[in-house]
Amino acid sequence: MESLHILIKGCIARDHKCQRAFYENYYGFALKTVFRYIYKYDKATDVVNDSFVKIFNSLEKFQPSKEKSDTEKILMGWMKRILINTAIDELRKQQTLPEIGELPEYIWEEIDRSQNADQKVLYKELICEIKRLPPSYRTVFNLFVIDGFSHNEIAGILGISDGTSKSALAKAKAQLKKFLENRFLERSYALHK
Amino acid sequence: MLYTNDDLNNLFKKAGKNYPLKTDNSNWDDVAAKLNKSASESFASKSLKVLKYTMVILLAGGSLIFYRFRSASDFDQNERKKNNNKTVANDTRKNLPSYSNTTKPSLGNVQFTNPIQSDVEKGKSGQAVYTFNLTPVNKLNSIAPAKEPQSASLSNEQSLNSNESLKLPSSEKQETQVLNDSRNEKVESGDQANGSLSKITKADSKLNEPADGTIRLNQNRDYRIYGTLFGGPEFSTVKFQQLDKPGYKIGVSLGYRMNKNVSLEVGLQREHLNFYSSGDYLDTTLLRIKPNTQIEDVTVSSKLTSVPVSLRYNFSSTSKGHFYASAGVNAVIITHSEQYQYSISKDGVPANISRSYSALTSSKYFSGVNFSAGFERDLSKCWSVKIESYYQTPVNNLGVGKLPVTSFGINVGISKNLK
């Protein structure tokens with residue numbers, strides 16, 4: 001944890017080595033966060049890089065916890081907020097552009113036959129299903145279910161009412177439940193067969 | 001229902017964290033380029049801010065200069081209007097007054113129908129010199145000796161202007177009058193004149209030289225605005241600890257003379273400071289120093305730009321120049337880059353490290369107070385050279401290490417009167 005504090009200080013002092021180490025360390029977390037909101041992978045990587053520029057420029061404002069062990073959690077929460085805000089800004093910019101085309105295979109890790117293989121396949125399918133949701137439903141679902149924002153906070157971030165947020169969430173959940181039920185039924189059918 | 005609401009939420013939470021996305025395509029170069037761009041944009045916006053402040057200062061200074069200049073010219077115009085009313089009655093150059101019959105010309109034997117401002121001053125030879133300042137008039141109506149009022153007159157179109165001065169030396173019987181007007185006409189009259197002008201010639205520059213029996217034309221122009229190019233070595237110290245190698249300062253300034261003694265100057269200068277400090281005075285908040293590292297001392301090399309504003313007072317004038325003193329503030333300081341050479345000790349092991357910092361601190365306003373004193377020698381009407389010693393004491397601390405840097409040195413400069 002002490003190394004994290006040193007890394008943060010280095011980033012504040014604009015040391016490029018520290019900044020690079022910080023970027024490499026948190027890139028995966030950042031991309032996984034942003035990709036849930038942004039449909040296209042290439043666009044998501046751009047948004048991640050833009051977010052890191054914002055993070056480095058405002059890292060002086062980050063206040064680490066006195067408990068050193070909590071610092072990383074707090075830092076990731078702080079970063080997540082910047083990543084999500086940047087992603088939502090990008091969504092606003094490309095609101096008129098249709099999200100077309102299937103997600104290419106090369107963006108996924110190769111899944112070997114380990115213990116978690118099935119789980120990983122399921123997770124991949126779930127994320128793909130989230131990405132098939134209309135952007136407004138997808139954003140509300142991500143914010144509420146995965147990132148843990150309240151409806152009040154979502155309303156503030158997206159500039160919508162609480163009711164609209166709740167309604168969007170309900171519709172998104174219904175669509176995802178349907179997908180899961182279909183998938184379960186398909187699996188059961190395949191096993192019985 | 002296969003999934004409860006909570007199950008669904010937990011499932012998607014886990015999926016959101018652990019889904020198998022490829023994350024090995026990080027592109028640091030792109031981020032570094034974006035960071036550099038944002039830093040340069042930030043510097044540009046800072047520069048713009050500084051430019052705005054400088055413009056405000058220059059505009060304020062310019063307005064002051066304009067106001068002073070205008071009020072001075074208004075005053076001149078009012079004076080001219082007053083003097084316009086002082087016309088001289090009747091006759092003209094055809095019948096100038098003859099002083100030949102009088103032993104000594106005096107105010108008593110020159111009569112004016114309208115009041116004319118007159119001064120009496122001592123000539124070089126100790127003789128009394130009567131100086132008449134005549135202002136633009138359409139007609140010089142009469143200059144008549146008391147005893148011969150009918151013969152003293154200057155005729156019709158000829159007129160005398162504001163800079164005209166008439167000196168009448170009271171020397172023996174030979175009197176000469178020279179009248180200079182804006183058209184540089186020279187008019188003399190003597191014993192032989194018998195009430196008329198003896199000569200009207202074009203005046204040349206020699207006429208402006210003071211000489212007995214001539215009318216002086218004062219053409220010394222008052223320059224109010226001047227520019228200066230200056231530079232010199234600069235020594236810097238923190239809390240008067242040891243001195244490091246000297247830096248330098250180079251800059252330009254624009255000055256406005258409010259009156260004979262007081263001037264306002266605004267400058268733009270580039271400084272390169274070198275200074276030493278013990279680690280005790282260093283603020284380590286922004287420094288990239290590992291914890292448990294003790295900084296013994298630091299040597300700093302710093303490049304910065306500043307905008308000094310000062311008020312200057314000329315307190316002692318000699319024939320070739322004048323001494324002056326000035327006081328002012330550093331209105332803006334922008335630190336461009338800093339090189340810190342640390343002597344550190346970690347767990348008792350000494351080491352030296354070096355760090356460079358650029359544009360880490362924002363511009364500072366009114367961060368120092370300047371005092372200077374020197375001598376300015378005139379080279380010609382327009383050009384002068386100056387040498388001054390200066391002392392600058394900090395109000396705000398300087399740079400990433402926030403050190404209270406005091407500077408002093410010598411400036412050598414060359415000034416030119418502009419307007």
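In this predicted model, helices α4(A) and α6(A) sit roughly antiparallel to each other. That label follows from the crossing angle: the axes of α4 (residues 71-93) and α6 (residues 135-146) of chain A cross at roughly 170°, and angles over 145 degrees count as roughly antiparallel. Along the way, the two axes come within 12 Å. On the α4(A) side, the residues involved are Lys80(A), Ile84(A), Ile88(A) and Leu91(A). Their partners in α6(A) are Arg138(A), Thr139(A), Leu143(A) and Ile146(A). Sorted by character, the residues of this contact come out as 5 nonpolar, 1 polar and 2 charged.

Stepping back to the chain that holds this pair, chain A has 8 helices and 0 strands, so its elements read α-α-α-α-α-α-α-α from the N terminus on. Of its 193 residues, 46% are buried. As for sequence range, 66% of the chain A contacts with a separation of 6 or more join residues 24 or more positions apart.

Chain B has another make-up, with 2 helices and 14 strands. Buried residues account for 43% of its 419 residues. Here, 67% of the contacts with a separation of 6 or more are between residues 24 or more positions apart.

Now for the packing. The largest nonpolar core has 89 residues. Within this core, the residues that touch the most other members are Phe22(A), Phe52(A), Phe141(A), Phe12(B), Tyr340(B) and Tyr342(B). Helix α2 (residues 16-35) of chain A gives the most to the core, with 9 residues. Domain 1 (1-102) and domain 2 (116-193) of chain A both give residues to this core, so the core lies between them.

One of those well-connected residues, Phe141(A), deserves a closer look. Leaving out residues up to four places away in sequence, Phe141(A) touches Ile130(A), Leu133(A), Ile146(A), Leu169(A), Ala172(A), Lys173(A) and Leu176(A), along with Phe12(B) from the other chain. Ile146(A) turns up again here, having already featured in the contact between α4(A) and α6(A). Apart from all this, there is a second, separate core of 11 residues, which includes Ile225(B), Val266(B), Ala331(B) and Val332(B).

A further link between the chains involves Thr23(B), found in the loop between α1 (5-18) and α2 (28-84) of chain B. Not counting neighbours within four places in sequence, Thr23(B) is in contact with Tyr27(A), Gly28(A), Leu31(A) and Lys32(A). Even with these contacts, Thr23(B) counts as partly exposed, at 26% relative accessibility.

The backbone also has a couple of oddities. Most residues other than glycine have a negative phi. Lys239(B), though, has a positive phi, near 50°, and Phe240(B) likewise has a positive value, near 55°. Lys239(B) is in the loop between β6 (225-238) and β7 (247-257) of chain B, and Phe240(B) lies in that loop too. In terms of solvent accessibility, Lys239(B) is partly exposed, with a relative accessible area of 48%, whereas Phe240(B) counts as exposed at 57%. The cut-off explains the split in labels, because exposed means over 50% relative accessible area.

Notes: Residues are numbered from 1 along each chain as its sequence is written. Chains are lettered from A and ligands numbered from 1 in the order in which they are written. This is a predicted model: local features need pLDDT of at least 70, side-chain atom pairs count only at pLDDT 80 or more; totals for chains, interfaces and linings use all residues. Side-chain values use heavy atoms; hydrogens and water are left out. Axes are lines fitted to C-alpha atoms, for helices over the stretch in contact, and angles run from 0 to 180 degrees between N-to-C directions. Helices (H or I, at least four residues) and strands (E, at least two) are DSSP runs, numbered from the N terminus. Angles under 35 degrees count as roughly parallel, over 145 as roughly antiparallel, 65 to 115 as roughly perpendicular and the rest as oblique. Contact means heavy atoms within 4.5 Å. Ala, Val, Leu, Ile, Met, Phe, Trp, Tyr, Cys and Pro count as nonpolar, Asp, Glu, Lys and Arg as charged, and the others, Gly among them, as polar. A nonpolar core is a set of buried Ala, Val, Leu, Ile, Met, Phe, Trp, Tyr and Cys residues joined through side-chain atoms within 4.5 Å. Buried means under 20% relative accessible area, exposed over 50%, partly exposed in between (1.4 Å probe, protein chains only). Domain bounds come from an automatic or database domain assignment.
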